[in-house]
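Biologist: I am new to this structure and should be grateful for a close look at its nonpolar core. Please set that part within the whole protein as you proceed.

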Amino acid sequence: MDPELQPWNPGHDQENHVNISGGQKLLLSSSATVHSIHITNGGKLVIKDNIEPIVLRTRHILIENEGQLHVGSESCPFRGNLTIILYGRADDGTQPDSYFGRKFIGVINGGTLEMHGEKKLSWTFLNKTLHPGGLQEGGYYFERSWGHRGIIVHVIDPKTAAVNHSDRFDTYRLKSENIRLVRYLNAVKDGMILSVAVNDEGSKNLDDDVFAIRAAIQLRPTYWMTQHPWSFITVKGIPSSSVEDHVEYQGRGGSAVAKVFKMFQADNGEHFNVSAASEWVQDVEWTEWFEKPQKSKSKDGERLSDFRAAHRDVCDHPVDIQAVTLDGAKLTTEVLYKSGRDYRFFCRGPEQAPGGCHNYRVRFLCGKPVRPKLTISVDTNVNSTVLRLADDAPSWKAGDRIVVASTDYSMHQAEEFQVLPCRACRPNEVKVAGKPSYLHMGEFIDGVDMRAEVGLLSHNIVVMGEMEDGCYDYNNGLCSFLISTPSGATSSSQHLILGCGDVGLGFKAFHMEGVELKHMGQQSLGHYPIHFHMAGDVDQEGGYDPPSYVKDLSIHHAFSRCVTVHGSNGLLIKDVVGYDTLGHCFFTEDGPEVRNTFDHCLGLVVKPSTLLPSDRDTRMCKMITEGAYPGYVPKPRQDCNAVSTFWLANPHNNLINCAAAGSEETGFWFVLHHVPTGLSVGMYPPGYSEHLPMGTFYNNRAHSNYRAGMIIDNGVKTTPASAKDKRPILTLISGRYSPHQDADPLKPREPAIIRRFIAYKNQDHGAWLRGGDVWLDGCQFADNGIGLTLASGGTFPHDDGSKQEIKNSLFVGESRNTGTETMNNEVWGPGGLDHSGRTLPIGQNFPIRGIQFYDGPINVQNCTFRKFAALEGRHTSALAFRLNNAWQSCPNNNVSNIFFEDVPITSRVFFGEPGPWFNRLDMDGDKTSVFHDVDGSVSEYPGSYLIKEDNWLIRHPDCIDVPDWRGSICSGRYAQVYIQAYKSANPRMKIIKNDYYTHPLYLEGALSKSTHYQQYQPVITLQKGYTIHWDRIAPAELAIWLINFNKGDWIHVGLCYPKGTTFSILADIHDRLLKKTFKTGTFYPASQMDKLEYRYPTKGHYYWDEDTGLLFLKLKAQHEKEPFAFCSVRGCERIRIKANIPKSPGPSDCEAKAYPKYAEKPSVDVPMPQKLPSTQTVRVAGWLLQLIYR
């Protein structure tokens, strides 16, 4: 210790403005209260490592100008207990600091903060599953039902709580079992604990030997072992210790239970509880919702017989009845018993007329057949639970608080516990007070690591904001947003007088570890628990040695974020637990933040906040419109609704071994800043971060998030609101990620690599990744609504030949993690291979998908799909397509080396059908779905293409229909044309392939009706002829782009125009690098169709058949293209047509005149491949795959 330190004990005086400067070196050794502490000009404050706790209350601490604050050191951590409380109210009249504001520990301009608490394990995983109520945790659990009739005896050692022996005696069937039971009981030593109970029946042959058995165990029961539920616990030789229960069961259904329990104390001083239950159980389940039968009369209540006549699933004696309006509002029901066995019920609600039910639906709780059940448990954790962990945790002490993350869809199933003393625990076990309410997995399920994270909240150094008794509005209307929290959430948003730790530019040293921060952060910009604010490079590049870090922290019950990195680079954030906080938890702010490393950080229960549009939920988004232009109408799902555990405003940061274990929206979100925002304006040129290579992303996991486990997509609006764009700055907008070396789009692409990512139990998506060259390897997806969507990064027509891929990965549809059924769980229903009850991601009929094809191109290679099985009314599939897709579908999407386990053939692929979630299935992308089955591992036909069954543009006579997929297996060479229509009124386009002219394809256009042009994107078969028609006057200008055409690829196309139209037709090419378009040729009229075959580099021909109204062109690619590029190496080839159209009232539809004149005979240009010989059977697990050949 520094010998120059002087003892300092200032006492308690809230008016004491402490200034430590001029070389003063003070040692605080006792609790104190002061107004504030300013450490400057070489001053130094050290906190003494006392045996007695120290509590320091102050409004703020400012450290600058060679000032220093030391609490322990890296080599000698602080071992005592220190609590720093930041107090005060925003409305108490005190003047805030011009830089830091109120209630802070601030380090700036040569200041040093060294705060090092005890080294503790920050977080780990459960290594044994934790069951609701802890019934299977710590001790012994025994359960039997049918097939185990008779009397079951357990012998338990009172010294150790161990079950020494157990046996079953079928005294109902065999009289000899009575004799064996007497001998067995006589052999048990006095002092041993006996648990005796009946399962099913045990009394038929027992009566003659009752007295012998009583003598054997020296008991005087009130009842004896009968055919009714009966259970008994005693200490042999001590009749007074006996406890007994017996229930008369009439055998007419319903449940009956006889249950006893008794507490004992083992030799090690630990208490344990022995319980025995003998029962008849009637399980119950809810029916589906039924609407009121048409014949039902409401005047005198609703009759159950009417529902049973309409719906056979309704039982005659329901246990309960629930009713709701058709809009979903809950109603109360009053049940009357009338007319013998017929029930009547009434609905009570604001819109329900007296005496009847209207505008409603109803469901019934029906009982299943009864069954016997016997359970014996020895609970060695009385009012406590032992957690088995993946790591040794000797640093977790009695009194510490921990949190166990949810492993279900709701983040609110995270549970807090307090650590208890445990002499019998192993190094990797801790005992906690209480029992869990939810299922928390502690194992790999179906190959996926679903172990719950367990985070430490307690540390011996605490920095906290002093709490008020209730919320007060220091920010306009704040309390109205934050007092109400979701059901089951920890309500911490009522108290908003908080603290924050700020680190500013030019600090000398900052290292913080082993610290607990709670009640920190404020709902105002810049006030967060940990905030590196415009600090620049804080690692070796900035001259910091050792580099700056925050490690081994817990930040919980906070009111604005966890760790904010703002205009700072190279910071190490390691072993930090962020729990129950408002707004993005681990947050990079303006866009230029790079080289920061988040290593082994855990965030969970991340809720919305008011600060930024991306932090806000729907209600906040609609009501907080500050910065918007007058007339702005918020669209919450587009503008806001993005609160995330990890918010990365720049991709060039590192995430390693991190867990996003529950956010109101998303786990990891990479968002793009086209230009830096806020105080970072001008730090990089426009578009720089959109091309910057991704840092390391390795071994991260996300679960229990609502929108997605991970998103790479979107940007933020970087300009203020205006009449042209009324949205406020920083609302979400579209964005595209395309990484290149040195962030230079003229240099080679550099794929963003995502390795060993785990996403499970995310309600909507496991991951939604949009970008050029985003590649996943060795990932796991399970129990997500949609496992993975890879959205194209190509920004047509500036596409640079990118692709996305996933390989060596696992997808599980519905795993053995069935979740916990709760009273108000609206997403509980049948699922899995056995159709048993489980939590569901969104709804009972939501179509669960493994990989969802969107646009492409994407490559799926060497992936396994496990446990995808459709149910009646729910279309589950391993491979599927984006619902309600207006965009294109790329024929270069391909799959290879795919494996299916417990996936019926019928559930491998599904193209969709009209109905719930799919709507009418009539958007352009819905109609053009396609992917390439390279090796036949999906369809069993190598090299085939899987297409939507009614897409006749790419069918041929030998295609094989697969009705269960709503698809077909075909062969061919495919490409696309993008047809842009200008100077038109958004007409509907009809395209017809000449060899199937009776099957036209109608396209509405991919763009909104408000755009100045419309774009149509059909997939076509190469070397074929087509005609194009319109439901209105033909567009005066058309641009036809050749997409996925290679050199020499061609199609013939005839476009319908009114008689008397004249044309000007040019060919050009758009150079993506220069972003310029160059003319390459002119088309001239020809008198004969044959002339179209003569195409020169700068000259082509068109044929105008005025009688039919068709303008014919041969569209042929002139340049080579890269394998996954939309366009050629030279750029995107295009034909531009300008038509001088005479006034015509009718639509430009020439179909009636074009056919059969231009009809062609269907042909197979690419023969269908042979079916793989190793897969001959078509019946799997009772499912039949029906193949129909056309």
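Modeller: What follows describes the core, then one strand residue, one loop residue and the protein as a whole.

This is a predicted model, in which local features need pLDDT of at least 70 and side-chain atom pairs count only at pLDDT 80 or more, while totals for chains, interfaces and linings use all residues. Residues are numbered from 1 along each chain as its sequence is written, and side-chain values use heavy atoms, with hydrogens and water left out.

A nonpolar core is a set of buried Ala, Val, Leu, Ile, Met, Phe, Trp, Tyr and Cys residues joined through side-chain atoms within 4.5 Å. Buried means under 20% relative accessible area, exposed over 50%, and partly exposed in between (1.4 Å probe, protein chains only). The largest such core has 109 residues, and Ile754 and Phe757 touch the most other members. Strand S39 (residues 509-518) supplies the largest share of this core, 4 residues. Helices (H or I, at least four residues) and strands (E, at least two) are DSSP runs, numbered from the N terminus. A second, separate core holds 46 residues, including Ala975 and Trp1030.

Contact means heavy atoms within 4.5 Å. Leaving aside neighbours within four places in sequence, Ile754 is in contact with ten residues' worth of surroundings that include Met694, Phe697, Leu769, Trp775 and Asp777. Among the other partners of Ile754 are Met710, Ile712 and Cys779. In soluble globular proteins, nonpolar side chains tend to be buried together.

Val463 lies in strand S37 (residues 461-465). Val463 counts as buried because its relative accessibility is 2%. Not counting residues up to four places away in sequence, Val463 touches Ile84, Ile105, Met115, Val515, Glu516, Leu517, Lys518 and Met520. From Val463 to Glu516 there are 53 residues in sequence, yet their C-alpha atoms are 6.2 Å apart in space.

Glu940 belongs to the loop between strand S71 (930-933) and strand S72 (944-948). With a relative accessible area of 8%, Glu940 is also buried. Its C-alpha atom is separated by 81 Å from that of Trp8, 932 residues away along the chain.

Turning to the whole, the protein has 9 helices and 90 strands. Of its 1190 residues, 58% count as buried. Among contacts between residues at least 6 apart in sequence, 71% join residues at least 24 apart. Along its principal axes, the C-alpha trace spans about 115 × 95 × 65 Å.
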